Amino acid sequence: HRVLLTGANGFIAQHILSQLIDEGYSVRAVVRSQSKVDLLKKSFDKYVDTPLLDFAVVPDITAAGAFDAALESDPPFDIVLHTASPFILRPAKSSDYLDPAIKGTTEVLQGITRVAPSVKRVVVTSSFAAIYNMGGNPISDPPKICTSEDWNEVTLEEALATENPILTYPASKKFAEKAAWDFVKENNVNFELSTVNPPGVYGPIFDPSQIAKPEDLNQSTGLIYNALLRPDLKSSDPVPPTFLYLYVDVRDVARAHILAATVPEAAGKRWFTVAGELSNQQMANYLREALPERSDVIPIGEPDKASWKPEGWYGASAPEVEKVLGLKYRSAEETIKDLAPQLVEIGKRA
Ligand code: NDP
């Protein structure tokens, strides 16, 4: 197999890259700048100048024909994994999220139809945010059980009218994913599409030496650091309320991308990779167990309320991922405890 991987320097994508290489796939890693190529080369130095790894720089994924040059390859690509999309939750013009997400996706797909007809499968990294409106009321009677059939109801008009990232980021994921499904419906394409829709993705950073300071952590990892390990916290501080109770380990999401690209039955479907529930209190408990040296900082909260969730709060059900793709999920304990020592090290670079 020959794989094009966009956003290859990302938190999730570096695990995808590493798993692909381990399995003998040949990968072209696409990033936005030469400095990101250089970082990746350091982390994957064993494979640089081997047929398993090469690089392409696409500075602006929204430009017309952005991926055409990157998609030309001999041997030709049969798989494209598109993970690149802005995921930093901060107030911003809605176009900062929507344009790269949506146009980035359609540029990849158009590029494939123009210059890479050999591609047989495309996997787009979507999100739970495309499934459920996390900015709405999380409580209902009976509680909402989210599945891969659901779509976040946010409209483009709502997203365009705000700078609130709790609306604009989910909208970017929803409309990018929709654009991909519409593209395969409306065009005579050679490839099949599938999407991976993870909730909160946590777990070890592939190469923590890349992270110069805590502010450089990716969004989902940064949340854990800021809520529970920041040096100015005290153990008597409250554990912040949980915003999203659904988690998946980054290594398992990476695996899901490879399965979504290679399992015949995976084509044409959304894969809602949800491993289970995880509260901030449960994270705090795991961190305190893993990091006794940080017990002065990690909020104690109410340790025996780790599995508490407000009455009526939504949940999720997606057993097909394990049944059809055969993915086995890691436990939340393994996920958080494998990340914990990395966060302590990165915290020292503050
Ligand atoms: P990262 O921030 O680590 O990775 C994001 C990647 O997308 C980076 O390679 C980044 O490049 C690239 N990117 C961001 N903005 C742009 C842009 N405007 N133009 C081109 N490339 C861009 O985050 P994750 O690994 O977590 O995210 C990867 C994917 O997973 C995203 O699509 C995200 O929406 C999705 N996701 C993540 C979840 C999570 O909890 N982490 C949950 C659900 C979905 P650069 O380094 O140059 O900025």
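This is a guided tour of the structure above, one selection at a time.

The model is predicted; local features are given only where pLDDT is at least 70, side-chain atom pairs count only at pLDDT 80 or more, and totals for chains, interfaces and linings use all residues. Residue numbers start from 1 along each chain as its sequence is written. Helices (H or I, at least four residues) and strands (E, at least two) are DSSP runs, numbered from the N terminus.

**Stop 1: the seven-stranded sheet**

Select β3, β2, β1, β4, β5, β7 and β10 in that order: these 7 strands make an open sheet with parallel pairing. Two strands count as paired if DSSP finds at least two bridges between them. The edges are β3 (53-57) and β10 (270-271); each has a single partner strand, so one side of each has no neighbour in the sheet.

Now go to β1 (residues 2-6) and β4 (residues 79-82), which pair in the parallel sense over 4 bridges. Leu-5 has Leu-81 in β4 as its bridge partner.

Next, add helix α2 (residues 34-43), which lies across β2 (26-31) and β3 and runs at about 140° to β2. Axes here are lines fitted to C-alpha atoms, for helices over the stretch in contact, and angles run from 0 to 180 degrees between N-to-C directions. Contact between two residues requires that their C-beta atoms, placed from the backbone, lie within 7 Å.

**Stop 2: the three-stranded sheet**

Select β8, β9 and β11, which form an open sheet of 3 strands in that order, with mixed pairing. Here β8 and β11 (276-277) are the edges, each with a single partner strand, so one side of each is left without a neighbour in the sheet. β8 and β9 (residues 246-249) pair in the parallel sense over 3 bridges, and Tyr-202 stands opposite Asp-249 in β9. Helix α8 lies across β8 and β9, at about 75° to β9.

**Stop 3: the ligand**

Show the ligand and the 24 residues around it; Gly-7, Gly-10, Ser-85, Pro-100 and Ser-220 come nearest. A residue counts as near if its C-beta atom, placed from the backbone, lies within 6 Å of the molecule. Colouring the shell by class gives 10 nonpolar, 11 polar and 3 charged residues. Nonpolar means Ala, Val, Leu, Ile, Met, Phe, Trp, Tyr, Cys and Pro; charged means Asp, Glu, Lys and Arg; the others, Gly among them, are polar.

Three elements, α1 (11-22), β8 (200-202) and α7 (219-229), each supply at least two residues of this shell. α1 gives the most, with 3 residues.

**Stop 4: helix pairs**

Keep α1 and add α8 (residues 250-262): their axes come within 8 Å and cross at roughly 60°. That makes α1 oblique to α8 (angles under 35 degrees count as roughly parallel, over 145 as roughly antiparallel, 65 to 115 as roughly perpendicular and the rest as oblique). The crossing of α1 and α8 is right-handed, that is, the near helix is turned clockwise from the far one by less than a right angle. On α1 the contact is made by Phe-11, Ile-12, His-15, Ile-16, Gln-19 and Leu-20, and on α8 by Val-250, Arg-251, Val-253, Ala-254, Arg-255, His-257 and Ile-258. These residues divide into 8 nonpolar, 3 polar and 2 charged.

Move to α7 and α9, which pack at an angle of about 75° with their axes 11 Å apart. The two helices are therefore roughly perpendicular. Ile-224, Ala-227, Leu-228 and Leu-229 in α7 meet Asn-280, Met-283, Ala-284 and Leu-287 in α9. By class, this contact has 7 nonpolar, 1 polar and no charged residues.

Keep α9 (residues 280-290) and add α11 (residues 332-347): their axes come within 9 Å and cross at roughly 50°. That makes α9 oblique to α11, and the crossing is right-handed. Gln-282, Met-283, Tyr-286, Leu-287 and Ala-290 in α9 meet Ala-332, Glu-333, Ile-336, Lys-337 and Ala-340 in α11.

**Stop 5: backbone details in the loops**

Select Pro-75, in the loop between α3 (68-71) and β4. The peptide bond from Asp-74 to Pro-75 is cis, with omega near 5°. Another cis peptide bond joins Asp-141 and Pro-142, with omega about 0°; Pro-142 is in the loop between β5 (121-125) and β6 (145-146).

End at Asp-49, in the loop between α2 and β3. Asp-49 has a positive phi of about 65° although it is not a glycine.
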